[in-house]
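User: Please take me through one loop of this protein in detail, and then set that loop against the rest of the chain. I would like one connected account rather than a list.

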Amino acid sequence: MRSGQRARAQASAITPGRRSPETEPAPADKVRALFGGHRLSPAQRRIAQYITDHLTEAAFLSITDLAERVGVSQPSVTRFATSLGFTGYPALREALQPIALRAVAGSPGAGEGDRSNELQAAVDAEIANLESLRRVFADTDRVLDLGRELARSVPLTILGLRISVSLAEYVAYAAKRIHPDVRLVSRGGTVAYDALLQAREAGGTWVLAFAMPRHANETLAAVRAARSTGLRVALITDVTLGPLVEEADVAFTAGTGSRLVFDSYAAPGVLSAAILQAMADADPERTQLRLEKYEQAAEQHAFFLD
């Protein structure tokens, strides 16, 4: 099984032409090839059958949703993925999604012009991630509750290391417009520990942490360091199980786009914006006052062209 960024770079290369459907196995055959040759338990066979029968939907389900649909536990889904040779369910889902997208493109009623090229397939995968996030937002209480907690934490620490720095910087930049004391931690090791300790000693109660793939050991170390200082951790990540989630007090899952050589973050970006909105809603008077001051400063110093 191919793995790693080099294989992804080859698989996602943008080509002007389209593959001829006659030269590729049918999607169902590809799925059966993934599952074939492995000894599966009865529960694992049910998972395999469900994925085969509902490929275009199942390939984009979270581990929680798939377990509920099949009627098994989340650990059963994880064991199923590892029994096939994958590192976990996210890796299996990554392998299934391009097959599912090909199945949609080749379904009856889909003309040649409707078939996805590599860039369109990447967008399709992100749409599926956003659809999954939309289902999470059906219950707004979790987001609103977290927004209130983060708004009360003064200072509020935003943590993001390595690839997750970009998301952390975006949230920190925006949060400073509505929160009196926001501190960004974008370096690991003792630098992170010192910053987290100082935030706790200054009265902070929460850290909002980002952990996008590939998940770095130093992110786990920083989350544990935050917990050791007495800070609570809200985590935004792409996985529903694992040591990072286990260390967090609150965890939200948002899938990342993995069709191209580098991941894309449509769903984590929308989730981040929703949490910022919840923070603003938690203290509307403070939000309005701070935004007015920011707008006045922007006009005075002509920050913007319009």
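Analyst:
**Thr256 and its surroundings**

In this predicted model, Thr256 is in contact with Glu126, Asn129, Met212, Pro213, Asp238, Asp263, Ser264, Tyr265 and Pro268, once its neighbours within four places in sequence are left aside. The residue belongs to the loop that runs between strand E5 (250-253) and helix H14 (266-282). Is Thr256 buried or exposed in that loop? Its relative accessibility is 12%, and because the cut-off for a buried residue is under 20%, Thr256 counts as buried.

One of these partners, Met212, leads into the interior of the protein, and the cores are best taken in order. The largest nonpolar core has 32 residues, and those that touch the most other members are Ile47, Ile51, Leu55, Leu66, Val77, Phe80 and Leu92. At least two residues of this core are supplied by each of helix H2 (27-35), helix H3 (42-53), helix H4 (55-58), helix H5 (63-70), H6, helix H7 (89-105) and helix H8 (118-136). H7 gives the largest share, with 7 residues. Phe80, when residues up to four places away in sequence are not counted, touches Phe35, Leu40, Gln44, Ile47, Ala48, Ile51 and Leu92. Separate from this is a second core of 30 residues, and Met212 is included in it together with Leu208, Leu276 and Ala278. Thr256 is thus in contact with a member of the second core, namely Met212. As a general background, nonpolar side chains in soluble globular proteins tend to be buried together.

Helix H6 shows how one helix faces the interior. Its buried residues, within the span 74-83, are Ser76, Val77, Phe80 and Ala81. These residues lie on the same side of H6, because they cover an arc of only 140 degrees around the axis. An α-helix has 3.6 residues a turn, so residues three or four places apart point the same way. After H6 comes Gly85, with a positive phi near 100 degrees.

Two further residues may serve as comparisons for the loop. Ser132, in helix H8, is buried, with a relative accessible area of 15%; its C-alpha atom is separated by 9.3 Å from that of Asp65, although the two are 67 residues apart along the chain. Pro243, which lies in helix H13 (residues 243-247), is instead partly exposed, at 44% relative accessible area. Beyond its neighbours within four places in sequence, Pro243 is in contact with Leu220 and Arg224, and its C-alpha is 7.5 Å from that of Leu220, a residue 23 places away in sequence.

Aromatic rings also take part in a few arrangements that can be located in the structure. The charged end of Arg142 sits over the ring of Phe252, at 4.1 Å from its centre, and Arg177 lies over the face of Tyr173, at 4.3 Å from the ring centre. A search of the whole structure finds 1 aromatic pair.

For the chain as a whole, 42% of the 306 residues count as buried, and there are 15 helices and 5 strands. Of the contacts between residues at least 6 apart in sequence, 71% join residues at least 24 apart. The accessible surface comes to about 16000 Å², and 52% of this belongs to carbon and sulfur atoms.

Methods: Residues numbered from 1 in each chain as written. Predicted model: local features only at pLDDT ≥ 70, side-chain atom pairs only at ≥ 80, totals over all residues. Heavy atoms only, no water. Buried < 20%, exposed > 50% of the residue type's maximum accessible area, 1.4 Å probe, protein only. Helix = DSSP H or I, 4+ residues; strand = E, 2+ residues; numbered from the N terminus. Arc of directions from axis to C-beta. Contact = heavy atoms within 4.5 Å. Areas by Shrake-Rupley, 256 points an atom, 1.4 Å probe, with all protein chains shown as cover. Phe/Tyr/Trp six-rings, centres within 6.5 Å; stacked < 30°, edge-to-face > 60°. Lys NZ or Arg CZ within 6 Å of the ring centre and 35° of its normal. Core = buried A, V, L, I, M, F, W, Y, C linked by side-chain atoms within 4.5 Å.
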